[in-house]
Amino acid sequence: MARKPKTPRWLEAARRRQEPVPEGIRADWLARALGRAGVMPRAEAEQAIREGRVEVDGRVEREPFAPVHAGSVVRVDGTPRSLEARTLALMFHKPAEVVVHGNDPEGIGTVFERLRAVLPPELRGHEWYAVGRLDRDTTGLLLFTNEERLVAHATSPETHVPKRYVADVAGRPSEAALQRLHEGLLLEDGPTRPAGARLLAPDRVELVLTEGRHHQVKRMLAAVGHPVRTLHREAVGDLVLDVPEGAFRLLTDAEVEQGLGFPSPSGRGPG
């Protein structure tokens with residue numbers, strides 16, 4: 001049975017308030033639009049809205065999910081702020097032990113905290129979404145963006161964006177083990193797509209996947225008898241990690257379009 005499409009939060013809020021929805025205009029909800037445009041991260045925006053510090057089209061707005069669009073006139077603390085949102089994306093070199101979650105119950109830290117610590121002031125106001133996940137102990141390339149549609153594109157099972165990993169493993173994988181990875185394996189959650197696999201050293205394997213299931217690299221290598229000791233992601237699409245651990249750099253529009261196959265990100269507004 002097909003899943004019923006989820007109603008956007010801004011549309012739910014508009015219906016609750018019995019507000020007309022502009023015909024043919026792509027809308028967004030206020031807190032997210034502020035984060036996407038780099039005015040302030042979404043959690044801060046929600047607090048500012050509830051405190052009555054945000055006006056939309058001349059009236060104080062206290063509903064974070066209030067619908068807005070590119071033509072809305074927004075003021076924060078009395079200052080006009082544009083909702084024009086250019087899609088941004090960056091690569092970050094994730095260290096080991098930090099999690100790709102909003103909080104870390106173990107107190108070691110999250111990638112979002114590590115990223116914000118190195119961002120310049122002009123980028124700290126954006127709401128940054130991680131494009132996929134890496135395990136706590138996995139290092140390497142992690143992409144971030146202020147555009148949820150880019151997240152959906154890059155992580156969709158239908159897109160098949162390749163991801164390249166290097167794993168140090170227990171034992172010495174044979175050609176037969178590599179061939180099994182090439183052909184695809186049957187895991188507990190179903191068969192995998194064929195993977196690129198080659199030996200870089202007696203106990204080091206390069207694996208290229210075009211899907212992203214939970215712990216997939218580790219489960220595939222364990223299934224052929226070579227549990228992972230360390231795991232590092234080197235590339236996503238045509239984007240190859242080229243910054244030191246804990247550092248970041250912005251991607252160009254061409255890198256996003258060509259490297260990830262996402263349509264030109266320039267000039268995207270709320271939606």
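Two exercises with worked solutions follow, on a sheet and a pocket of this structure.

This is a predicted model, in which local features need pLDDT of at least 70, side-chain atom pairs count only at pLDDT 80 or more, and totals for chains, interfaces and linings use all residues. Residues are numbered from 1 along each chain as its sequence is written, and side-chain values use heavy atoms, with hydrogens and water left out.

**Exercise 1.** Work out in which order four strands form an open sheet, and which strands stand at its edges.

Solution. Begin with the term: a strand is a DSSP run of E with at least two residues, numbered from the N terminus, and two strands pair if DSSP finds at least two bridges between them. The order is β3-β2-β5-β6, with antiparallel pairing. Next, β3 (59–60) and β6 (79–81) are the edge strands, and each has a single partner strand, so one side of each lacks a neighbour in the sheet. Finally, look at β5 (residues 74–76), which is joined to β6 by three bridges; here R75 lies opposite P80 of β6.

**Exercise 2.** Describe the lining of the second largest pocket by class and by element.

Solution. A pocket is an open set of points on a 1 Å grid over the protein atoms alone, where a 1.4 Å probe fits, with protein on both sides within 12 Å along at least five of seven lines, and lining residues have an atom within 4 Å of a point. By class, seven lining residues are nonpolar (Ala, Val, Leu, Ile, Met, Phe, Trp, Tyr, Cys, Pro), five are charged (Asp, Glu, Lys, Arg) and four are polar (the others, Gly among them). By element, α4 gives the largest share, three residues, where a helix is a DSSP run of H or I with at least four residues.
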